[in-house]
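Grab a coffee and open the viewer. Below are some short exercises, each with a worked solution to follow along with.

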Amino acid sequence: MTGLEKEAHLEALRFSTRRHFLKSCGAGFGAMALGALSSLEATARAGTSALAGASTTGPLPHFAPSAKRVIFLHMAGAPSQLELFDYKPELQRLHLQRCPESLLEGKRFAFIKGVPKMLGPQAAFSQHGESGAWVSDRMPFLAGEVDKITFLKAMHTDEFNHAPAQLLMHTGSPRFGRPSMGSWATYGLGSENESLPGFVVLLSGGVQPDAGASVYGSGFLPTVYQGVQCRSAGDPVLYLSNPGGMSSDVRKRSIEAINEVNRQQYEYVGDPEVLTRIAQYEMAYRMQASVPELMEIDSEPDYIHEMYGTEPGVTSFANNCLLARRLVERGVRFVQLFHWGWDSHGAGASEALNIGFKERCEETDRATAALLRDLDQRGLLDETLVVWGGEFGRTPMLENRTGDDNPYVGRDHHSDCFTMWIAGGGIKRGYTHGETDEIGYTRVGGSVHVHDLQATILHALGFDHERLTYSFQGRDFRLTDVSGHVVKEILA
Amino acid sequence: MARLSVVIGTAAMLVLLLVVDTSGRPSDIGLFFGRVHPTVVHFPIALLIVAGLTELLAWRGVFAESKLAKATAPILFLAAWSAIVAAVAGLYLAQAGGYDASTFAWHQRLGVVIAVLAAFAYVWRSRVESTVSGGYLAVVGLLIVLVGITGHLGGTLTHGEGYLTRYAPDGIRRVLGEPPKSALSDSPIDDPSTATVFDTMVRPVFESKCESCHGAAVRKGGFRLDTPEEIIDGGEDGRAVVPGRSDESDLVRRLWLPATDRKHMPPMHRPQVTPAEAEMIRWWIDAGASFDLLVADAEPDPAISLIFESWEMEALPEGVFALNVSDPDTVALAELQAAGMSASLIAEGSPFLQLRCPDADACLTAAQVAALDKLADQVIWMDLGRTTVDDDAVAALAGLPHLTRLHLEQTAVTDAGVSALRGMQYLEYLNLYGTGVTDATFELLDTLPALTAVYLWQTPVTAEAAEAFRAGHPDVHVNLGAGAE
């Protein structure tokens with residue numbers, strides 16, 4: 001302390017008399033107590049409305065929704081539309097012919113270099129259902145459900161690498177930091193179940209999506225809206241169960257004490273993240289009871305397990321599909337599934353169209369179809385959106401990174417066109433929107449950009465995507481950023 | 001000298017009034033002079049009012065002792081001369097034509113009367129030294145009233161009928177005997193089944209951008225856009241609108257001429273028709289320039305579909321949403337929530353409610369039913385699935401006429417319970433899976449005209465009965481379940 005500071009300090013202390021202490025601090029304590037009393041009520045309100053949205057004062061959609069919930073089945077790695085839904089007989093004719101250079105001009109690919117060969121469809125196609133939709137023999141179960149589905153055959157995106165494309169698909173921006181679609185949905189609608197998070201994430205395929213947990217993060221929205229990952233094997237939610245020696249009652253009392261301290265802290269600093277923390281402690285405590293019951297898929301009858309192809313106790317896409325149904329049945333708003341392993345470059349067995357891709361189809365087909373049928377027979381499909389797709393598509397050209405004698409076939413990333421499908425609440429049944437050229441390389445009509453899909457999903461949930469905004473760093477942000485049009489053609 | 005000049009000026013004006021042929025073709029120089037009328041006309045208005053005010057101030061009060069009274073004669077001199085110039089200029093401006101005959105005639109008559117009276121008032125005032133007579137004051141007062149009336153008529157000629165009061169509060173409009181503003185606002189489409197393309201999309205453009213010159217009051221080029229007959233009849237240059245042929249329609253051609261072209265409409269420096277509006281008018285003419293075509297029947301071509309979109313013509317209220325229902329009673333709502341039922345509006349600004357039972361064991365309790373009675377009009381979505389409600393409890397649903405979506409799945413409800421739903425006009429979605437309903441339910445479903453989906457998995461309902469019902473109701477989704485038992 002310099003001499004001057006010391007003198008100032010001493011001078012200040014001289015004024016801090018006993019009278020000062022009694023006067024200002026006494027009044028201060030009173031104010032604190034009063035503040036705590038009134039804020040308790042406000043906190044309780046903020047906490048419950050953020051999580052539950054049950055009362056009329058909670059968040060409301062802009063117009064009557066056609067869907068209350070969403071199940072998004074993300075096939076991470078980008079499955080090939082040319083082996084599943086986008087049937088191109090002309091491509092078969094051009095099989096292993098050199099790609100005309102005119103198709104390559106001005107294009108950039110993730111891996112293809114030089115002049116590649118064309119690659120015909122690596123699966124047999126046939127038409128299904130009353131709608132006559134083309135589905136390959138890779139997905140025989142889904143083929144039986146096409147009359148519930150709208151196919152979007154001319155999807156396109158801005159990114160051709162996995163992480164940015166996944167971020168764009170789920171957060172509306174290829175860069176980190178934006179809230180994900182599930183966060184926006186729960187921010188806008190709240191949850192219908194006070195004991196479960198509004199946004200649940202289920203992973204299968206062994207790894208996180210390329211862009212990591214950011215694809216289900218809450219970005220700059222309060223963290224109460226971030227996706228909560230549940231696991232179908234082991235502890236369903238990490239760190240949720242009580243450690244040894246801790247009884248539920250002791251846990252309850254300690255959470256109450258912690259929340260009281262947090263409430264005082266909130267009074268002091270006014271940071272809304274403290275409210276989130278309080279709400280999350282309370283939610284976690286309620287989840288200790290609700291989650292084990294939810295994850296108990298053993299309790300499902302045998303014919304359900306048969307239908308989905310589920311096996312209790314393991315981590316699988318099928319188990320996650322069944323869990324997704326159980327979650328929406330309990331009023332969870334947004335269930336996000338990720339299944340890894342669709343990146344079929346053909347550089348190895350696991351990513352070959354003839355091996356790894358086939359396995360991914362087998363892992364997912366039965367359960368995906370079962371999910372649609374099961375939701376429908378419970379009357380849930382009518383008010384739940386089911387969305388299926390990868391982050392981009394794949395080229396009609398063969399990618400051959402390792403040389404001519406490669407036993408594996410694969411395709412490179414393609415952002416100009418790919419197929420997604422969407423079914424349920426407010427979407428046409430048995431419909432196809434959009435079209436690609438005869439080799440599936442460019443869009444011919446009915447283009448749907450990723451932002452258009454997001455606008456349409458929000459529309460089904462009752463939101464004008466241009467009005468669902470959050471103010472951050474001086475401007476209003478929204479999921480679709482500055483673009484996006486609702487695809488009205490597919491609305492029922 | 002000054003008095004003499006004013007008298008000569010007045011006489012000259014009256015002579016010109018008789019000589020100049022207002023219906024003849026205007027010469028450029030005449031029009032050039034005529035167009036100073038809107039500028040000059042403000043001088044007599046202001047000067048006559050000032051003359052009146054100076055007399056008033058000089059008569060009583062703080063200025064009574066001043067020499068202010070001496071100022072009125074020079075002011076009246078200037079007022080008289082400017083009125084004469086304005087009147088003559090107005091005479092030449094009228095040659096351009098296109099003005100509503102009766103409004104113009106009154107404007108002209110009163111304008112001339114003002115010029116004559118102003119000259120008269122000046123001569124009178126300049127002859128008195130001190131105290132003015134009551135007669136003189138009456139003339140000045142009359143002048144001010146006339147200036148107000150004539151000015152307003154001039155405004156009507158320039159800006160169109162109702163310009164002054166267009167944005168007046170409804171109270172003032174009522175006093176003036178005009179309809180409330182909401183009746184004239186360019187209303188967004190309320191009901192596309194009755195709204196016509198012309199009234200909702202085309203006429204507002206004509207009203208805001210064209211009718212001040214081509215309307216009831218002013219008819220430049222003999223062309224009016226305020227009635228269907230006049231639009232089709234066209235003006236001096238022939239037909240402006242050729243139904244079905246926008247390429248032959250002068251109206252469209254003029255909209256797209258360069259802004260600097262003499263024939264471009266609206267004229268430069270007037271509010272312009274936007275490209276989107278021009279495109280809309282083009283489409284309307286190509287579609288037959290019909291005045292009865294309904295928005296609902298219109299087929300927008302690609303160029304116009306975006307405009308249709310921007311008019312936000314989706315989300316047309318249908319079924320229960322077309323009903324005019326008051327907001328829910330907040331007291332009843334609070335009672336319902338206190339009784340353990342969760343209620344929320346289905347959307348912001350909507351009066352309709354969705355309800356569910358967070359506590360499965362306390363659903364449709366007596367207290368809840370009592371509160372529901374007061375919210376009967378507003379309740380449209382109800383989720384009673386997986387609760388302990390039984391036939392007795394769901395009998396209360398009979399009092400909710402607007403129900404559209406009802407979940408009763410996995411409850412103890414049977415045919416007796418669902419009979420409460422008989423004849424419900426708006427019920428679209430009915431989930432009865434896992435209940436005790438039987439084939440007899442189809443007889444009830446027959447009475448639900450709006451039904452689109454019914455779920456009957458895990459019920460005693462037989463496939464044969466379902467098939468029979470489907471045959472009669474091909475649009476209803478009847479789901480008996482796919483998961484075999």
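**Exercise 1. Getting your bearings**

How many helices and how many strands are there in chain A?

Solution. Before counting, keep in mind that this is a predicted model. Chain A has 13 helices and 17 strands. Next, look at burial: of the 492 residues in chain A, 52% are buried. Then look at the contacts between residues at least 6 apart in sequence: in chain A, 76% of them join residues at least 24 apart.

As for confidence, chain B has a mean pLDDT of 86, with 92% of its residues at 70 or more. For the complex, the predictor reports an ipTM of 0.83 and a pTM of 0.69.

**Exercise 2. The open sheet of chain B**

Work out the strand order of the open sheet in chain B, and find its edges.

Solution. Start with the order: 7 strands line up as 1-2-3-4-5-6-7, with mixed pairing. The edges are strand 1 (342-345) and strand 7 (477-479) of chain B, each of which pairs on one side only. Neighbouring strands in this sheet are turned by 15 degrees against each other on average, direction ignored.

Now zoom in on one pair. Strand 5 (residues 429-431) and strand 6 (residues 453-455) of chain B run parallel and are joined by 3 bridges. Pick B:Tyr429, and you'll find its bridge partner in strand 6 of chain B is B:Ala453.

**Exercise 3. Where the chains meet**

Which elements of chain B give two or more residues to the side that touches chain A?

Solution. First, the head count: 26 residues of chain B are in contact with 21 residues of chain A. The elements giving two or more residues to chain B's side are helix 15 (330-338), strand 1, strand 5 and strand 6 of chain B. Strand 1 of chain B supplies the largest share, 4 residues. Sort the residues on chain B's side by type and you get 14 nonpolar, 8 polar and 4 charged.

**Exercise 4. Inside the cores**

Find the residues of the largest nonpolar core that touch the most other members.

Solution. That core has 123 residues, and the ones to pick are A:Ala324, A:Val335 and A:Val387. Take A:Ala324: beyond its neighbours within four places in sequence, its contacts are A:Ile71, A:Leu202, A:Val335, A:Leu337 and A:Leu371. There is also a second, separate core of 66 residues, with B:Val85, B:Ala119, B:Leu143 and B:Ile285 among them.

**Exercise 5. Two residues to classify**

Is A:Phe334 buried or exposed? Do the same for B:Leu47: buried or exposed?

Solution. A:Phe334 sits in strand 7 (residues 334-340) of chain A. The cut-off for buried is 20 or more other C-beta atoms within 10 Å. A:Phe334 has 30, so it is buried. Setting aside residues up to four places away in sequence, A:Phe334 touches A:Arg69, A:Val70, A:Gly182, A:Ala185, A:Thr186, A:Gly198 and A:Phe199. Its C-alpha is 9.8 Å from that of A:Trp184, although the two are 150 residues apart in sequence.

Now for B:Leu47, in helix 4 (residues 42-59) of chain B. B:Leu47 has 22 other C-beta atoms within 10 Å, so it is buried. Apart from neighbours within four places in sequence, B:Leu47 contacts B:Ile75, B:Leu78, B:Ala79 and B:Ser82. Measure across to B:Ile144, 97 residues apart along the chain, and the C-alpha separation is 9.9 Å.

**Exercise 6. Backbone oddities**

Track down a hairpin residue with positive phi in chain A, then a cis peptide bond and two positive-phi residues in chain B.

Solution. Begin with strand 16 (residues 469-472) and strand 17 (residues 475-478) of chain A, which run antiparallel with 4 bridges between them. A:Ser471 stands opposite A:Asp476 in strand 17 of chain A. The hairpin has 2 residues between these strands, and A:Gln473 takes a positive phi near 50 degrees.

On to chain B. The bond from B:Met265 to B:Pro266 is cis, with omega near -15 degrees. B:Pro266 lies in the loop between helix 12 (250-256) and helix 13 (275-286) of chain B.

B:Leu364 has a positive phi near 55 degrees, and it lies in the loop between strand 2 (353-356) and helix 16 (366-373) of chain B. B:Leu364 is buried because it has 24 other C-beta atoms within 10 Å. B:Arg386 has a positive phi of about 60 degrees, in the loop between strand 3 (379-383) and helix 17 (391-394) of chain B. B:Arg386 has 17 C-beta neighbours inside 10 Å, so it counts as partly exposed.

Terms used:
Residues numbered from 1 in each chain as written. Chains lettered and ligands numbered in written order. Predicted model: local features only at pLDDT ≥ 70, side-chain atom pairs only at ≥ 80, totals over all residues. Pairing = 2+ DSSP bridges. Axes fitted to C-alpha atoms, helices over the stretch in contact; angles between N-to-C directions. Buried ≥ 20, exposed ≤ 12 C-beta atoms within 10 Å, placed from the backbone. Contact = placed C-beta atoms within 7 Å. Nonpolar A, V, L, I, M, F, W, Y, C, P; charged D, E, K, R; others polar. pLDDT = per-residue confidence, 0-100. Core = buried A, V, L, I, M, F, W, Y, C linked by C-beta atoms within 7 Å.
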